[in-house]
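Open the model in your viewer and keep the selection tool ready. The tour goes stop by stop.

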Amino acid sequence: MFSQNNQTNTTVMECAQFILPTAMGTNAPSDDLSEDMEGLRLTFPKVKIPGGGVLQFEMESDNPERPDYVPELEGILLFNHPANSYWPEGEEYEDNTPPLCQSLDGKIGYGNPGGLCASCGFNTFGSASNGRGKACKNQRTLYLLRSGEFVPIQISLPPTSLTPYNSFYNAAFARRQRPLYSSIVRIGLKRMSSNGYDYSVATFCKVRDLSGEELAAVKAYADTFRVQIKNTLIEQAASKELESGAIEVGSGSMDLPDNEAHFSVGMGIVDGEREKLPA
């Protein structure tokens, strides 16, 4: 009996309607919210895949000195894109050291050496100091919207998590001819070891597919979000260059569907993904 009840509760939880951010979650008038936001940017909470085999995500909280920790993240992947970062050998694991060259979209790098990522020698296998991997760290940026939240989480996948994500995307979306935003997904962590070194790898699973009116509402929201992110990336790539390896954050406005408000969303790319990779 306990097992059946537990299974029923799990099914009910997984089938709960996904709540889109059509409002700020308060009864405050929109004029008041606009005044509160004047001169500020609404930025994406950033989440990294932890190092050392840690199996919890560190999340921003109301108290910067006391972050929250959760074992998994669940929501809708609104958008994703590649990103590359290159640190000189010996500096890639130093905290607060910006990359020497960085690409927002995995196509064009800014800094030293800069240029087309596809033809860059640092972006080829064998260019790393161990003679096997790449000197440039290939990453992928995910934007995960959790139910009832107003701003998506920006998740940066390091090289060790790219293969699991690619396999999941192919199985859950590409082979079934479904867009990325059409399912609720769950992201967890798995501990891996190589040559005595523990590291954490992202895991992915599909919770359920969206359909009907729920899918239509999510599509409308995702379409607007994806256009805004793409435009921001294009604007940054066309008008801004890296200065000492750091990207100046853009300030383009972002119109979130149905909330009748505009917010300037900072598009900072992850600048600290220097997880030591297994040899």
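**Stop 1: a helix that falls short.** Select α3, residues 162-174. This is a predicted model, and α3 has 13 residues in it. Put a distance between the end C-alpha atoms: they are only 16 Å apart. A straight helix, at 1.5 Å a residue, would reach 18 Å.

Which residues of α3 are buried? Show the side chains of Tyr165, Phe168, Ala172 and Phe173. Now look down the axis of α3. The buried residues fall within an arc of 85°, so they line one face of the helix.

**Stop 2: what that face meets.** Keep the buried residues of α3 on screen and add the strands they pack against. These are β4 (73-86), β8 (136-145), β9 (153-157), β10 and β11. For the last two, select 183-194 for β10 and 197-209 for β11.

**Stop 3: the loop after α3.** Move to the loop between α3 and β10 and pick glutamine 177. Its phi is near 55°, a positive value in a residue other than glycine. Is glutamine 177 buried or exposed? Glutamine 177 is exposed, with a relative accessible area of 71%.

**Stop 4: the loop between β10 and β11.** Follow β10 to its far end and select asparagine 195, in the loop that leads to β11. Phi is near 55° for asparagine 195 too, again positive in a residue that is not glycine. The relative accessibility of asparagine 195 is 65%, so the residue counts as exposed; the cut-off for exposed is over 50%.

**Stop 5: a cis bond.** Go back along the chain to the loop between β6 (108-111) and β7 (115-116), where proline 113 sits. What kind of peptide bond joins asparagine 112 and proline 113? The bond is cis, with omega at about 15°. Display the backbone atoms of both residues to see it.

**Stop 6: the whole chain.** Zoom out and switch to a cartoon. The chain holds four helices and 13 strands. Colour by accessibility next: of its 279 residues, 40% are buried. Turn on the surface. About 15200 Å² of the chain is accessible, and carbon and sulfur atoms account for 48% of that.

Last, draw the contacts between residues at least 6 apart in sequence. How many of them join residues at least 24 apart? The share is 63%.

Terms used:
Residues are numbered from 1 along each chain as its sequence is written. This is a predicted model: local features need pLDDT of at least 70, side-chain atom pairs count only at pLDDT 80 or more; totals for chains, interfaces and linings use all residues. Side-chain values use heavy atoms; hydrogens and water are left out. Buried means under 20% relative accessible area, exposed over 50%, partly exposed in between (1.4 Å probe, protein chains only). The expected span of a helix is 1.5 Å times one less than its number of residues. The arc is that of the directions from the helix axis to the C-beta atoms. Contact means heavy atoms within 4.5 Å. Accessible areas come from the Shrake-Rupley method with a 1.4 Å probe; for residues, only the protein chains shown count as cover.
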